[in-house]
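Here is a friendly tour of one protein model, with a look at its empty spaces, its backbone and its surface. Please keep the sequence and the 3D view at hand as you read.

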Amino acid sequence: MDEALTIVIISDSTGETAQTYLKSVTTQFPNLKTKIKRRPDVTTKEEIDEIFESVPEYSVIVPTMADKDLADDICNKAEKRNIEVLAILEEGINTFEKVTGQKAVRQVGLTRALSKDYFRRIEAIEFAIQYDDGKDPKGFLKSDIVLLGVSRTSKTPTTMILATKNYKVSNLPLVPESRLPKEIFEVDPDRIIGLIIDPEKLVNIRQDRSKELGLIGDSVYFRKNRIQTELEYAKEVYKDLDCKVIDVTNNTIEQTATQIVEYYKSKFDEEI
């Protein structure tokens, strides 16, 4: 048949998930001509009636409706016209209800909410990469959270974990010989987290890191007196900024991130 098969996606959200699914199906039919029509944000039977007025006989209807009455209405209308329905969402809900014994909430817009959450996460991760390691001081004023700490206090990995939780995080390494950027003093102190660590633990971490990099011999990088100087400097910075301090000595990165989130929510509960 030379006529293109019309595929009509009827969704109470964007219909993007159904369109992606259909592409994976139709690619298995290289000789099939198709025409996909997407009808998003459908919430009434009147809108469904209007859509069906322009649906040709050679069609497949793909509804993704959380509301069971609307989903049933589409199926009934399609059946009267002998049009096939590919009810991917309804079949999925029915299967999970059967297996789990739970009832689906059938709340409209949940997929869109998940999509927004996904894009916020991507944005936060891109932010973390852009403003990692104090590369651009302007990022401090755009951040939900700013992490400070001497080298090897897990600033970057902690930043990335927080980014996956949708927080925009920048970080700054503290070095006694380097002047602090003026922007850091313009940040709300409640948004700044200072990381501290036991000096003996930091000596071991830096020694291991030097070995990983193939560095042989003594180095000021992991000398205890140098590390003690850096940590004392960091404590003075935290005191000047009047910021929250978290000891990461016995923490995993995940534990540190959890402590930061708990603290942040206590200060800015409505923001994320």
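A residue is called buried when its relative accessible area is under 20%, exposed when it is over 50%, and partly exposed in between (1.4 Å probe, protein chains only). This is a predicted model, in which local features need pLDDT of at least 70, side-chain atom pairs count only at pLDDT 80 or more, and totals for chains, interfaces and linings use all residues. Residues are numbered from 1 along each chain as its sequence is written, and side-chain values use heavy atoms, with hydrogens and water left out.

**Backbone**

Let us start with two loop residues. Most residues other than glycine have a negative phi. Arg152 has a positive phi although it is not a glycine, and the same description is given for Asn82. Helices (H or I, at least four residues) and strands (E, at least two) are DSSP runs, numbered from the N terminus.

| Residue | Phi | Loop | Relative accessible area |
|---|---|---|---|
| Asn82 | about 55 degrees | between helix 3 (68-80) and strand 4 (84-85) | 70%, exposed |
| Arg152 | about 75 degrees | between strand 5 (145-149) and helix 6 (155-163) | 37%, partly exposed |

**Empty space**

On a 1 Å grid over the protein atoms alone, a cavity is a set of points where a 1.4 Å probe fits but cannot get out, while a pocket is an open set with protein on both sides within 12 Å along at least five of seven lines; lining residues have an atom within 4 Å of a point. Grid points are joined across faces, edges and corners, and a volume is the space filled by probe spheres set on the points.

How many cavities of 30 Å³ or more does a search of the whole structure find? There is one, and the largest cavity has a volume of about 30 Å³. Its lining consists of Pro63, Thr64, Met65, Ala71, Ala87, Leu89 and Glu90. Strand 3 (59-64) and helix 4 (88-100) are the elements that give two or more residues to this lining.

The second largest pocket has a volume of about 160 Å³. Among the residues that line this pocket are Ile88, Leu89, Phe96 and Lys103.

**Two more places to look**

Gln255 sits in helix 9 (residues 253-267) and is partly exposed, at 39% relative accessibility. Gln255 and Thr158 are 97 residues apart in sequence, yet 9.4 Å apart in space, C-alpha to C-alpha.

Finally, find Tyr118 in helix 5 (residues 110-130). Tyr118 is partly exposed, with a relative accessible area of 45%.
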